[in-house]
Amino acid sequence: MFFALFMLILLSGCGLTVLDPQGTVGEQQRDLIILSIVFMFIIVLVVFILLTYFLVKYRERDGHRGYNPDIDGSVKLEVVWTVIPIIIVTILSIPTVYTIFNIEEVPEANTEEEEPLVVHATSANWKWIFSYPEENIETVNFINIPVERPVLFKLTSADSMASFWVPQLGGQRYNMAGMQTELYLQAGEEGTYYGRNANFTGEGFAEMRFDVNAIEEEAFNEWVTEVQDEAPVLTQDTYDQFMVPGHVGEYAFSGTHLDWVDHALDAEYALEARERQGYEPVNPHSPEAADDVPFYDIDVDTDAVENEERQNEGPAQEEEGDSNHHHHH
Amino acid sequence: MDLDWDEFIVTGEPFILAGQIAILLTTIGIIFVLTYFKKWKWIWNEWITSVDHRKIGIMYIIASVLMMIRAGVDALMMRTQLAAPNMPFLGEAQHYNEIFTTHGTIMIIFVATPFLIGLMNVATPLQIGARDVAFPFLNNLSFWTFFWGAMLFNISFVIGGAPSAGWSAYMPLASNDLSPGPGQNFYLLGLQISGIGTLATGINLVVTIMKMRAKGMRLMRMPMFTWTTLITSLIIIGAFPILTVALGMQTFDRLWDTSFFTLQDGGMPMMWVNLFWLWGHPEVYIVILPAFGIFSEIIATFARKRLFGYTSMVFAIAAISGLSFLVWVHHFFTMGAGPMVNSFFSISTMAIAVPTGVKIFNWLATLHRGRIRFSVPMVWALGFIPNFTIGGVTGVMLAMAAADYQYHNTYFLVSHFHYVLIAGTIFACFAGTIYWWPKMFGLKLNERLGHWVFWIFMIGFNVCFFPQYFLGLDGMPRRIYTYFPEDGWFSLNFISTVGAFMMGLAFVIFVYNIYYSYRYQPRETTGDPWGGRGRTLEWATSSAVPPHYNFAKIPEVKDQDAYWQMKQEGIDPNDIEEYHDIHMPNYTGNPFIMSVFMFVGGFGLVFHWWSIAIIGAIGIFACMIQRSFSRDNGHIVPAEEVREEEAKIREVKANESGQ
């Protein structure tokens, strides 16, 4: 019954995020998943039918027939049910390995811009920081990407291990401090996709989400120019405030933190930045521990270009109310 | 650690306050009952100091059931919190994080593993015709280190605060920088202390099985549960030292600022992940292989047939145990280790499906041409087959790395491992306990209540976990404490929560059944209580009043189903002409005291209270020294006493059959 339901839901193609991908990487994974479901469904069916048949036929009852207690095996049968699983595993291994290798490659571009867009995605408790090194801009908790163009995400973490995941574009990969991993994704359709950290990172984990806006290439280029020209410059002090655990809203900056730190090479930066910001970790059960994950309003230094010396001033860590805490699109 | 006294007792949570009151009342209640009925001496002499494998097995099972209640309540709180979007039930993330961490840790370390070890303790020596395990003193020590390790872990939620970094305790999240406070220390010390017991049990059972089998019991005549116990014990010996070392390293990181796995000074957090799963994956087979053994015994017994394909079953377990050490990377395919590595671990993981499939089809073939009786242990074993198959095939799906990138860390995974661990291990714990209940307590549990428990639990289990496959495919990650209405995860989560409460209800009926059966069920006198269908040696000895020496005369084994063969040939193994003296080990209080000192020392380390830690260490060494110098050669049960005891049992039997 459950499996009938299962197939019904699958065949109706109803909106299960992972089975409704919007890009080539996600599509390959969906195809592999559907293939495996078909095979697994057959196996389950065989087991269920045999089990039901034997239980009905050989249950102890009046007029019980066919009882034979001395059968202790059958080489022929045992070979059959050793070889069949081997064949199934082999059949599933081939597309699996093919897909594993394939999604490490750059997806084919459908745009004039053939080179993938490079975006560094850095996780920090509990926010996402995105750097566009070629465009020299940085965003927090959202990204804009051009539709149909492959995007190369270079993943790392400022502190605990996170997992970068945009289900409708493709499967996840870990962000680890002191290391860099890579992930290719591509959006085939315009739209806003939900992305998040999938690997548990502590208190603020549930709300560690971001939006991926796939937009036309032209609009993307316009947006880049706009951020380059109008967004505040990212200073190290501003950046350090993002290293303090807590939630923040969406931001865009000109310049990137790659100018002074690459977390893939420096695992200690975030801890040092916290110290600079006067943050001390406390036992969550101590009286001074906050009940909820704070939502910070980062004090963006808009005059940074003119007043470079202001960078070393103290932080602003006012706690905002809960009004925009569950910020979600 | 600068720990203020106002941080020592956890305050400010109504549920924790309720827990504290419950602990206090239970403790007072136990002390009152033991004092009022003058049972202190009895509990010390008959239970705490016991080296009898069956009593130790029973204590393991009781402790595991208590832990199951604790972790089950954790599960119900989690499911309530997730029943609807933006639930205010648990208030904040930290509380939820502590609950899922303790739920996972307790269910694996303090429920599944010790429950099965309890059943192994009860059944294995009986199945091989031994009088006890090879090292009875060590067996008692194993139990008490497990028990006091579990207690140390458990008090964390009322004292100091529970760990909250997940049961896998990934670094650097579990480091002092990101998880301050004593919580994670409780995890490290609690697991370390109980891990000593598990490792010792592994060694003990391997030696027991290799050296103490009855005459004629060749390896290929051992009952299937004994086979799985042997191979599980070998996995324990291979895997647990890895955990011991990894826990030790993380303990050093947290207590003495070393940098094995931290962000600073070139620590390697991913090394923790590797070490953890190098133990953690074999651990999954430590809790599933004995379950396979239990189901093999039960299916053969109630189908009234020889187990189909005995030899291929043995090779399948051996193959699974070998593969279990070769697949740990599938827990972190998303680490970015490269396509070659992921392909290797994908295929090696999928390969486990082959021996597992062989076992499933052998069980099905055992039913073929059988005479199947649907007693309660059998319905659990039969319920296991379809549910475990669902868990198994979704495991193959997860093994396909490229697809796993989409399921990893989602409810698809959560559902998969609950389908294998509940339908495999927990069903086996129910099945095995009910099956061997007459051997432990001399009576059968009530069958009617037992069937109710089975159906409510089995339906509740599917209602709870089946929807979670879809939640996973819809992008719901595990370990989130809340979600939003826009996510569209409400209805499936709600259904899931309903199922969880059905399982809770079934468990309550199970506990009631124990009480009910104790009051009203007739006592068992035959020794072979399942309609005379017993096949292996444990049914050859009496079970009405189990004598502590197991067998008055060790039977000679001529067949894989030794007792079945004797019945076929009309041999009564209890028809003994001449009785002999029996050499048995003495009871001892040393392991209990030593384990209490481990608890004290561990508690001191959790809070960095060195003086207490040193007191604990001195106590441990004092106990070891006492043990080294003690001369304890056990005692002799004279032949005459054996004869009298056996005659008493025969008399009871004669009276029963005469009525």
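**The interface of chains A and B, and the domains of chain B**

In the contact between the two chains, 98 residues come from chain A and 103 residues from chain B. The model is a predicted one. Together, chain A and chain B bury about 8,900 Å², of which 70% lies on carbon and sulfur atoms. On the chain A side, the residues that lose the most area to chain B are A:W81, A:F200 and A:H285, which together account for 9% of what that side buries.

Charged and polar pairings also cross this interface. There are 3 salt bridges between chain A and chain B; in a salt bridge between A:E60 and B:R533, the side chains meet at 3.0 Å, N to O. In addition, 31 residue pairs, both at pLDDT 80 or more, are in polar contact across the interface of chain A and chain B. Elements of chain A that each supply at least two residues of the side touching chain B include the helices α1 (2-11), α2 (24-57) and α3 (75-102) and the strands β6 (162-166) and β7 (170-175). The largest share, 16 residues, comes from α2(A). By class, this side of chain A has 53 nonpolar, 29 polar and 16 charged residues.

Within chain B, the domain assignment gives domain 1 (1-37) and domain 2 (38-588 + 632-658). Their C-alpha centres lie 29 Å apart, and 16 residues of domain 1 are in contact with 18 residues of domain 2. These two domains of chain B bury about 1,400 Å² between them, 70% of it on carbon and sulfur atoms. The side of domain 1 that touches domain 2 has 11 nonpolar, 3 polar and 2 charged residues. Between the two domains the count of salt bridges is 0, whereas 7 residue pairs, both at pLDDT 80 or more, are in polar contact.

Methods
Residues are numbered from 1 along each chain as its sequence is written. Chains are lettered from A and ligands numbered from 1 in the order in which they are written. Side-chain values use heavy atoms; hydrogens and water are left out. Domain bounds come from an automatic or database domain assignment. Contact means heavy atoms within 4.5 Å. Buried area is the accessible area (1.4 Å probe) that two parts lose on being put together, summed over both. A salt bridge is a side-chain nitrogen of Lys or Arg within 4 Å of a carboxyl oxygen of Asp or Glu. A polar contact is a pair of N or O atoms within 3.5 Å; within protein, one must be able to donate a hydrogen and the other to accept it, and residues adjacent in sequence count only if both atoms are side-chain atoms. Ala, Val, Leu, Ile, Met, Phe, Trp, Tyr, Cys and Pro count as nonpolar, Asp, Glu, Lys and Arg as charged, and the others, Gly among them, as polar. Helices (H or I, at least four residues) and strands (E, at least two) are DSSP runs, numbered from the N terminus.
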